[in-house]
Amino acid sequence: MKSYIITVNGTEYEVTVEETGSVSAPASAPKAAPKAAPKAAGGAGAVKINASVPGKVLKVVASAGQAVKAGDSVVILESMKMEIPVVAPQDGTIASIDTSEGAAVENGDTLATMN
């Protein structure tokens, strides 16, 4: 038996699945949807601020044109029921915000850029 936690419309369910040993694969396995091309930010800055974990964008704290100091929160991610701030790596100005609240992000995705 294997246990999984599945989230459906924001509600988590714990599911236990029994392994029977006999598995029949479908004639043609469904293909994964192609990943969307990264956004080309018009005012992209030289310094990229990337997601450090996969998760969901809980809140966009900073806005384009805002001055930030190293360590200031730019975006807050939710991952594994924890809030994880994504911070500015250096002093500067936010050039672009490349995500939105509620967006799903992967590790390494660019969330914002700064100069």
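These legends describe close-up views of a predicted model of one protein chain.

**View 1. The whole chain is built from strands and has no helices.**
The protein chain holds 10 strands and zero helices. Read along the sequence, its pattern is β-β-β-β-β-β-β-β-β-β. There are 115 residues in the chain, and 23% of them are buried. The accessible surface comes to about 8100 Å². Carbon and sulfur atoms account for 54% of that surface. Now take the contacts with a separation of 6 or more. Of these, 54% link residues 24 or more positions apart.

**View 2. Strand 3 shows two faces.**
Strand 3 covers residues 47-50. In a regular strand the side chains alternate between the two faces of the sheet. Strand 3 shows such alternation. Val 47 and Ile 49 point to one face, and both are buried. Lys 48 and Asn 50 point to the other face, and they are not buried. What is the partner of strand 3 in this view, strand 10, joined by? Four bridges join the two strands, which run antiparallel. Within this pairing, Lys 48 stands opposite Thr 113 of strand 10.

**View 3. Thr 110 sits in strand 10 and meets residues from elsewhere in the chain.**
Strand 10 spans residues 110-114, and Thr 110 is found in it. Is Thr 110 buried, partly exposed or exposed? Its relative accessible area is 27%, so Thr 110 counts as partly exposed. The cut-offs explain the label: buried means under 20%, and exposed means over 50%. Leave aside its neighbours within four places in sequence. Thr 110 is then in contact with Lys 48, Ile 49, Asn 50 and Asp 98. Ile 49 lies 61 residues from Thr 110 along the chain, yet their C-alpha atoms are separated by 5.8 Å. The side chains of Thr 110 and Asn 50 are joined by a polar contact of 3.0 Å.

**View 4. Asp 98 is a buried loop residue.**
Asp 98 lies in the loop between strand 8 (92-97) and strand 9. Its relative accessible area is 15%, so Asp 98 is buried. Which side chain does Asp 98 join through a polar contact of 3.2 Å? The partner is the side chain of Ser 96. Asp 98 is also among the residues in contact with Thr 110.

**View 5. Strand 4 pairs with strand 6 and with strand 9.**
Strand 4 runs from residue 55 to residue 60. It pairs with strand 6 (residues 73-79) in the antiparallel sense over four bridges. Strand 4 also pairs with strand 9 (residues 104-105), again in the antiparallel sense, over two bridges. Follow Lys 56 to see both pairings. Lys 56 stands opposite Glu 78 in strand 6. In strand 9, the bridge partner of Lys 56 is Ala 104.

**View 6. One salt bridge joins Lys 81 and Glu 12.**
How many salt bridges are there? The count comes to one. The side chains of Lys 81 and Glu 12 meet in a salt bridge at 3.5 Å, N to O. This pair links distant parts of the chain, 69 residues apart. Lys 81 is in the loop between strand 6 and strand 7 (82-87). Glu 12 is in strand 2 (residues 11-17). Lys 81 has 64% relative accessibility, so it counts as exposed. Glu 12 has 41%, so it counts as partly exposed.

Terms used. Residues are numbered from 1 along each chain as its sequence is written. This is a predicted model: local features need pLDDT of at least 70, side-chain atom pairs count only at pLDDT 80 or more; totals for chains, interfaces and linings use all residues. Side-chain values use heavy atoms; hydrogens and water are left out. Buried means under 20% relative accessible area, exposed over 50%, partly exposed in between (1.4 Å probe, protein chains only). Contact means heavy atoms within 4.5 Å. Accessible areas come from the Shrake-Rupley method with a 1.4 Å probe; for residues, only the protein chains shown count as cover. A polar contact is a pair of N or O atoms within 3.5 Å; within protein, one must be able to donate a hydrogen and the other to accept it, and residues adjacent in sequence count only if both atoms are side-chain atoms. Two strands pair if DSSP finds at least two bridges between them. A salt bridge is a side-chain nitrogen of Lys or Arg within 4 Å of a carboxyl oxygen of Asp or Glu.
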